[in-house]
Amino acid sequence: MADWSAAPRTRRTDTIVRRRRARTAPASLAMAVLTAATATACAFPLRDLGPLPPRYSGPPLSADTVVSEMTAVLAAEGVTVQREPSAVLGRCFERLSGRHAPQTVEAAVKAAVARARSEHGWQDGPDVAGEELTLTKGNWTVMAGFAAEVPAGGQAPVVISLTCVDGEDNPAAPTAPAAPSAPALAPAPT
């Protein structure tokens with residue numbers, strides 16, 4: 001096989017090489033301009049804005065505080081609920097459940113939510129489709145739900161789910177058991 005430098009150059013070969021260079025140079029220049037423009041345009045949105053704001057305001061609330069407030073506002077409206085044991089590890093979650101007369105369950109739960117807003121400082125939470133009402137306060141979100149249809153002669157179930165925003169950082173959150181540490185290795189005698 002012949003070496004390129006040893007191959008005879010012809011006028012046709014020189015013309016082809018010049019044409020390729022003439023097409024490549026503007027394309028390379030256009031790519032460089034496009035890259036510079038992209039870097040300039042993305043520099044503003046990608047600048048460092050510092051740490052993110054906290055996901056909630058005020059001091060974190062304990063699970064007992066939130067459960068007692070919600071139980072009190074529900075009891076004031078005639079809805080009796082019981083705290084269910086939380087078995088979720090690594091996450092702050094509580095659940096209150098009970099039963100109420102089907103004719104007045106909707107009005108009683110809505111009145112309890114209004115009472116929580118006015119007397120305890122709860123705020124409206126994010127909108128959720130369906131028959132659920134949401135509230136937020138500090139690091140907690142409460143979802144209050146009730147059954148729309150109840151069988152004849154039965155009581156309407158009421159379920160209140162309380163979820164902590166930062167379950168891992170909350171001292172009231174249950175924690176997973178720590179793994180046992182490995183024994184220290186001693187050097188072998190020589």
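**Overall fold, sheet and core of the predicted model**

Walking along the sequence, the elements come in the pattern α-α-β-β-α-β-β-β-β. That gives the protein three helices and six strands. The model is a predicted one, and local features are reported only where pLDDT is at least 70. Of the 190 residues in the protein, 24% are buried. Among contacts with a separation of 6 or more, 55% are between residues 24 or more positions apart.

The strands come together in an open sheet of six, in the order β1-β2-β6-β5-β4-β3, with antiparallel pairing. Since β1 and β3 have a single partner strand each, they stand at the edges, so one side of each is left without a neighbour in the sheet. As a rule, strands of a sheet pair through backbone hydrogen bonds, either parallel or antiparallel.

Starting from the β1 edge, strand β1 (residues 80–84) is matched with β2 in the antiparallel sense over five bridges. One pairing to look for here is E84 with its bridge partner R95 in β2. On to the next pair: β2 and strand β6 (residues 156–164) are antiparallel too, with eight bridges. In this stretch L96 sits opposite I160 of β6.

Strand β2 itself is worth a closer look. In a regular strand, side chains alternate between the two faces of the sheet. Strand β2 (residues 93–100) shows this alternation: E94, L96, G98 and H100 point to one face and are buried, whereas F93, R95, S97 and R99 point to the other and are not. So R95, the bridge partner of E84, belongs to the set that is not buried, because its relative accessible area does not fall under the 20% cut-off. L96, in contrast, stands opposite I160 and belongs to the buried set.

Over at the β3 end, strand β3 (residues 123–124) is joined to strand β4 (residues 132–137) by two bridges, and the two run antiparallel. Q123 faces T136 of β4 across this pairing. β4 in turn runs antiparallel to β5, with six bridges joining them, and T134 has M143 in β5 as its bridge partner. β4 and β5 make a hairpin with two residues between them, and G138 in the turn has a positive phi of about 55 degrees.

Turning to the interior, the largest nonpolar core has 28 residues, of which M70, W122, W140, I160 and L162 touch the most other members. Helices α2 and α3 and strands β5 (140–146) and β6 each supply at least two residues of this core.

There is also a little empty space inside. The structure holds one cavity of 30 Å³ or more, and the largest cavity encloses about 30 Å³. Its lining is made up of M70, L74, V109, A112, V113, A144 and I160. By residue type, that lining splits into seven nonpolar, no polar and no charged. Helices α2 (63–76) and α3 (105–120) each give at least two of the lining residues, with α3 making the largest contribution, three residues. Two names carry over from the core: M70 and I160 line the cavity, and both are listed among the core residues that touch the most other members.

Two helix residues round out the picture. E69 lies in helix α2, and despite its charged side chain it counts as buried, because its relative accessibility is 14% and the cut-off for buried is under 20%. Setting aside neighbours within four places in sequence, E69 is in contact with H120, W122 and K137. W122 is also one of the residues with the most contacts to other members of the largest nonpolar core. A107, in helix α3, is a contrasting case: its relative accessible area is 54%, so it is exposed, exposed being over 50%. A107 and E77 are 30 residues apart in sequence, yet their C-alpha atoms are 9.0 Å apart in space.

Notes: Residues numbered from 1 in each chain as written. Predicted model: local features only at pLDDT ≥ 70, side-chain atom pairs only at ≥ 80, totals over all residues. Heavy atoms only, no water. 1 Å grid on protein atoms, 1.4 Å probe; cavity = no way out; pocket = protein on both sides within 12 Å on 5 of 7 lines; lining within 4 Å. Points joined across faces, edges and corners; volume = space filled by probe spheres on them. Helix = DSSP H or I, 4+ residues; strand = E, 2+ residues; numbered from the N terminus. Buried < 20%, exposed > 50% of the residue type's maximum accessible area, 1.4 Å probe, protein only. Pairing = 2+ DSSP bridges. Core = buried A, V, L, I, M, F, W, Y, C linked by side-chain atoms within 4.5 Å. Contact = heavy atoms within 4.5 Å.
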